[in-house]
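Me: Could you walk me through how to read the features of a structure like this one? I would like the general idea each time, then the case at hand.

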Amino acid sequence: MSHAINNLLTAMADDALIQGHRNSEWTGLGPVMEEDIAFSSMAQDKIGHAWALYRILQEDLGGSDPDHFAFLRNEKDYRCCHLAEQPNGEYDFSLLRHFLFDHAEAVRYGRLEQSTFAPLQPLARKLKGEIKYHLLHANAWVSQLCRAGDESYARMQAALNRCFPLALGLFEPQEGEEELMAAGVYPGEKALQAEWLDRIYNILSPAGLNLPGVEAVTPAYGGRRGYHTEYLQPLLDEMGAVFRTDPEAIW
Amino acid sequence: MYGGGYIFDEPNKRQLKDEQLHDDPEKLAAFEARIARGEKIEPGDWMPSEYRRQLIRLIEQHAHSEIIGALPEGTWITRAPGFKRKLALIAKVQDEIGHGQLLYNAAETLGKSREAMINDLLSGKSKYSNVFNYPAETWADVTVIGFLIDAAAIVNQVANAKGSYGPYCRALERICYEESFHLKQGHDAFIELATGTPAQRAMLQDALNRWWQPIMHFFGPPDKSSVHSEKLMQWKVKMASNDEMRNQFLDTYVPKIWELGLSLPDPALRKNDSTGKWEFSDPDWELFKKVINGGGPCNKERLNVRKWAEEHGRWVRKALMHPGEKITAPAA
């Protein structure tokens, strides 16, 4: 089973790392200074979450040093979803991505509090507490921008249409998932997705946004099996630019 | 972090005495007496128009320096080596933007809106610290900025925190508190390279060589050539002279650099034991002026980034200012 847990934690950690990386790219570029600060804050949290998960992989599952694992793998060995890999684009895309991503995380960590894999319980509790603030941020901005005139509303709907199939990739079936469900490690991707859809519908619908049907779109799968978009490799090159020059040195 | 003792002013505005004449002499005397007693001036208090103008200029340029200063280091967030450095750098740059926010608020208490200040930044009318017009070429540059530029900024900001304008002083107190953590992380990363592999040390020495002149420029031209300092010092707008601050910085930090076996690219740099003052080769002040006036290696790039943020964020700011204009129901 440790292979399946490994897969699950690597996917969760890689999602957090890559989403955190994208959030951090907003530092200095936000539409208002307050948003620079908010995205920087969330970047720190996400990257911190990834670090904590890589440490569990190292300490409880015999994985390698978190810095090495995060910065030195080949592209095909990452398990992040395509949603997180996308470049930031405009603020509307980044905001909607953040909204969909953080609701997915809230659902996932909410369930992992009861995981039979003991190291996940305290971490899930801590992360859920942090993600709560990410949700407050996302919900407030999405709701407000949907009520702020035609252009703003149209941008929100267009961003949702673009993000939604990508976001379904957050729930791509995991290798060994049935085994983990049977052992009570987590409830499986399908259950998480259903809970997520309810949650986001309850916020998007009052805001006037039209949530595309799951059946009507093609989910962006592949990330969990190491198939990535063209955006991941350049991101990894950049992320490892200094570290790869001498991985044994202390920086 | 802040850009030091040099506050750019348009040449035709350097008429302190003329403008002062328009102020009521009794009020002016009472105002100056308050400052002499060490009282703080608050937003609603009477103040000479020139005091207000100089403070807006000072605080606005300080605020610009914070948000532009976030950019050279900000470009390294995505490349920072390892989790520890990455998290520290994001937190640090985020703090700098927060300082900008605090300072724009302080300047707004004097009657100029944030929007007007940002517009003046983008049009080039208002300046920011010159030091941010140089590129951060390598990871070692990030450590030099985090250690030495932050240290220099602290010298300046600690002095300014004792000034006469209440909102600015209170913002600076908080800023200095956070900056002292930045200095620690900068120092830590700097030491790691200085005591690291030969390649890491070489990278650091190269960065020091490139940053030394901008650091010497940081506190502004020598006192003998600086304009309108006297009145500003009496009004406690400017709290220490450029030469004093530069000397204080050299006195604290040059020994720390030398102790690590690193060199500085100025053979004349030495402390004169009889005067207690540091001696150094005159940095190129013509270059300093050229960079201030837009001729530095990164002036265009820095402003272009801000322009991108302003242009691409305009719809968001517009939407925030006109909420509830129209709720469009979904088609289905």
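Reply: Happy to. The contact between the chains takes 45 residues from chain A and 47 residues from chain B, where two residues are in contact if their C-beta atoms, placed from the backbone, lie within 7 Å. This is a predicted model, in which local features need pLDDT of at least 70, side-chain atom pairs count only at pLDDT 80 or more, and totals for chains, interfaces and linings use all residues. Residues are numbered from 1 along each chain as its sequence is written, and chains are lettered from A in the order in which they are written.

Me: Which helix gives the most to the side of chain B that touches chain A?

Reply: Helices are DSSP runs (H or I, at least four residues), numbered from the N terminus. Here α4(B) gives the most, with twelve residues.

Me: Is A:G63 buried or exposed?

Reply: A residue is buried if 20 or more other C-beta atoms lie within 10 Å of its own, exposed if 12 or fewer, and partly exposed in between. A:G63 has 17 such atoms within 10 Å, so A:G63 is partly exposed. A:G63 is in the loop between α2 (33-61) and α3 (66-72) of chain A. Leaving aside neighbours within four places in sequence, A:G63 is in contact with A:L57, A:Q58 and A:F69.

Me: And where is A:N74?

Reply: A:N74 sits in the loop between α3 and α4 (82-85) of chain A. A:N74 counts as exposed because 9 C-beta neighbours lie inside 10 Å.

Notes: Helix = DSSP H or I, 4+ residues; strand = E, 2+ residues; numbered from the N terminus.
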